[in-house]
Amino acid sequence: MKGEMVSFKSAGKLSVVVEEKKEEFFPKIVNSSENAAQVKEALVLEKNISELGFSENAMVYCEGYQKLTSTYVKLGDVSENLGGMDRDHYKLPQTKGFFTGYNYVCFSENGRVLLFGATSCRRYSTEVRINQEKLQLVQITEGREVHANSELSLESYTVIEGTDKNCVMEKFASFLTEHHPTIPFKEVPDGWCSWYCYGPNVTQKDIMENMAAGKKYHGLKYIQIDDGYQPHMGDWLLQTKKFPSKMKDLCLEIKNAGFEPAMWVAPFIASEKSELLRNHPDWFIKDESGKPLCTADVTFRGWRDAPWYFLDPTHPEAIEYLKHVFRVMKNEWKVNYFKLDANAWGALPFGVRFKKDVTSVEAYRIGMAAIWEACGSDTYLLGCNAPLWPSIGAVNGMRVTADIERNMKTVKSLASQCFHRNWMHNRLWINDPDCLVQEDIATGFRAKIPFLRNVKRNPKHDAMYRYAAAFVRASGGMVLSGDKLFSLNDYDDKIIDKILSAPRKAAEFNEDFSVGITDTEKSREYFLFNSTDKPKTFTLPVTGQILNQFTDEIVSSDGKYNVTIGANDALWLKVKKDK
């Protein structure tokens with residue numbers, strides 16, 4: 001059907017027409033009537049599951065709207081009850097009788113891989129709807145008007161089939177970056193993050209103590225002051241009494257110590273208690289009555305300092321406020337790295353915006369463009385809780401996992417999330433696998449962090465920390481320590497230094513994600529993950545000396561290396577290549 005115009009679905013004098021060019025499909029809505037029409041969504045592709053050629057045991061990966069959701073199940077287990085974070089947390093609309101995912105879906109079985117996915121996201125999000133009978137790609141146009149006797153261009157998509165999953169994902173990435181070029185940054189930013197050892201109770205003293213301890217690590221450059229410095233969400237240029245120095249002075253002190261300050265900002269939300277909402281309610285997305293829309297009415301209250309409200313990226317004065325915040329931080333505080341959290345709230349399809357003729361994706365990109373205008377192209381913008389496809393070409397880096405917690409279930413879950421997104425690293429953006437944790441800290445995050453103290457290291461946790469370190473290294477992405485640096489021991493320091501000094505290339509994994517390999521010019525690294533509750537033996541085709549990165553033990557192999565790994569444990573090996 002190359003070069004031909006194909007109609008997949010029609011409704012009266014409205015139809016979706018698709019043109020194929022160089023393995024991409026370019027759909028558009030054609031209105032052949034004398035009247036304008038408002039279109040909520042457009043079905044651009046539909047396939048019968050039975051025609052795809054997979055059994056019910058085939059594995060299906062479907063992306064989420066944002067980092068918290070990713071779905072990996074057997075085809076026979078696909079049901080409308082999946083995708084809970086998008087459905088239950090963000091309350092994104094669902095279609096009855098279908099599982100609803102976003103952006104792309106990939107089927108794999110017995111070495112065969114088949115991907116369907118959106119290759120652009122300028123205006124419209126793409127839903128992937130699946131049940132046991134149908135697969136649909138549906139683009140959400142949010143009531144966009146198609147004028148009489150006219151056309152409305154939609155987002156492009158592709159269908160890729162192959163025998164190597166890594167090659168399929170590489171090809172998919174090439175389409176995405178053609179439409180949304182990657183924003184480069186001079187380095188993979190590494191550093192320390194305050195959140196996982198202090199939470200919102202972080203103080204200036206905490207920052208200074210950890211910065212002093214950070215001098216012992218080569219390559220640990222950024223001191224990330226996370227949530228807790230501001231009195232309320234939205235009041236980003238104000239600070240609490242826990243920071244007696246002006247934030248500008250603290251940031252300059254960080255620079256003078258040889259580090260770089262990094263600031264946490266949630267640009268598209270504000271607390272009910274904030275000066276921003278109290279003084280400028282007109283800058284916010286409205287509900288049907290014309291009042292600022294509360295997140296609790298459409299998603300949930302917010303994880304802290306709630307309830308929240310949606311700052312409107314299409315309101316000109318709200319945009320100027322955002323620009324002012326980032327100009328002050330960039331030009332006066334000398335901050336060159338911003339972690340942008342809760343970004344999904346800038347791209348959710350709820351409420352009434354100042355500009356009523358833009359979609360949620362367009363509104364989000366307007367807001368991100370304003371931040372870039374204020375910061376300049378030499379800045380590092382890290383998306384967190386961000387809409388994935390709307391952020392392509394809008395951030396340098398992206399958190400690709402949920403939040404780390406010091407328990408094995410979470411560590412394994414984050415590793416799985418990360419490895420399914422390893423293909424994005426250094427293609428769409430720099431991946432952030434979340435913080436490296438190596439010590440027991442009783443933070444009780446889910447209980448609002450009642451205890452912020454160190455506890456004696458439990459030897460039973462050693463496997464968990466090996467698993468965490470191996471997965472962060474296998475991601476090839478950012479390395480941010482989430483521990484109290486001054487309390488780490490020599491072994492912990494050694495592991496940090498090894499990861500910091502390693503080339504930042506993401507591992508490529510086998511089909512079940514138990515073995516990852518990273519090839520560099522001088523060495524090959526193996527990452528072995530036993531996510532089961534029983535010991536597991538791995539066999540590697542390795543010749544030469546093998547260095548265990550955790551123990552520094554060296555063993556030799558004559559071509560076949562067998563190693564048994566305990567339950568819920570991991571191994572990181574390094575083999576030098578022959579000169």
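Author: Let's start with a rule: rings of Phe, Tyr and Trp (for Trp, its six-membered ring) pair if their centres lie within 6.5 Å, and the planes make the pair stacked when under 30 degrees apart, edge-to-face when over 60 and tilted for the rest. Bear in mind that this is a predicted model, where local features need pLDDT of at least 70 and side-chain atom pairs count only at pLDDT 80 or more, while totals for chains, interfaces and linings use all residues. Residues are numbered from 1 along each chain as its sequence is written, and side-chain values use heavy atoms, with hydrogens and water left out.

Reader: Okay, how many aromatic pairs does that rule count?

Author: A pair of aromatic rings is described by the distance of the centres and the angle of the planes. Going by the rule, the count of aromatic pairs comes to 35.

Reader: What sort of aromatic pair do Phe-172 and Trp-423 form?

Author: The centres of Phe-172 and Trp-423 are 5.6 Å apart. With 35 degrees between the planes, this aromatic pair is tilted.

Reader: How many residues apart in sequence are the parts that this pair ties together?

Author: Helices (H or I, at least four residues) and strands (E, at least two) are DSSP runs, numbered from the N terminus. Phe-172 lies in helix H2 (residues 165-179), and Trp-423 is in the loop between helix H11 (408-420) and strand E22 (430-432). So the pair ties together parts whose separation in sequence, in residues, is 251.

Reader: Are Phe-172 and Trp-423 buried or exposed?

Author: Buried means under 20% relative accessible area, exposed means over 50%, and partly exposed is in between (1.4 Å probe, protein chains only). On that scale, both Phe-172 and Trp-423 are buried.

Reader: What about Phe-300 and Trp-308: at what angle do their planes stand?

Author: Trp-308 is buried, with a relative accessible area of 0%. The centres of the Phe-300 and Trp-308 rings are 6.5 Å apart, and the pair is tilted because the planes stand at 55 degrees.

Reader: Which lysine has its charged end over the ring of Phe-513?

Author: Phe-513 belongs to an aromatic cluster that also has Phe-172 and Trp-423 among its members. A charge sits over a ring if NZ of Lys or CZ of Arg is within 6 Å of the ring centre and within 35 degrees of the ring normal. In another spot, Arg-112 lies over the face of Phe-54, at 4.2 Å from the ring centre. For Phe-513, the charged end sits 3.7 Å from the ring's centre, and the residue is Lys-165.

Reader: Now for the sheets! What is the order of the strands in the 4-strand open sheet?

Author: Two strands pair if DSSP finds at least two bridges between them. Here the pairing is antiparallel, and the order is E4-E11-E10-E7.

Reader: Which strands stand at the edges of it?

Author: An edge strand here has a single partner strand, so one side is left without a neighbour in the sheet. That description fits strands E4 (37-48) and E7 (99-102).

Reader: And which residue in E11 does Val-128 stand opposite?

Author: Strand E10 (residues 125-130) runs antiparallel to strand E11 (residues 134-146), and 6 bridges join them. Opposite Val-128 in E11 stands Leu-137.

Reader: In which sense do E15 and strand E16 pair?

Author: Strand E15 (residues 222-225) is covered on both faces, with Tyr-222 and Gln-224 on one side and Ile-223 and Ile-225 on the other, all buried. Ile-223 is the bridge partner of Trp-192 and also stands opposite Pro-261 in E16. E15 and strand E16 (residues 260-265) share 4 bridges, and the sense is parallel.

Reader: Which residue follows Ala-306 across a cis peptide bond?

Author: Most residues other than glycine have a negative phi, and most peptide bonds are trans. The bond after Ala-306 is cis, with omega near 5 degrees, and leads to Pro-307.

Reader: What is the relative accessible area of Asp-552?

Author: Asp-552 sits in the loop between strand E30 (543-548) and strand E31 (554-558). Its phi is positive, near 65 degrees, in a residue other than glycine. Asp-552 counts as partly exposed because its relative accessible area is 36%.

Reader: Last one: what share of the chain's residues count as buried?

Author: The chain has 13 helices and 33 strands. Its C-alpha trace spans about 75 × 60 × 40 Å along the principal axes. Of the 579 residues, the share that counts as buried is 59%.
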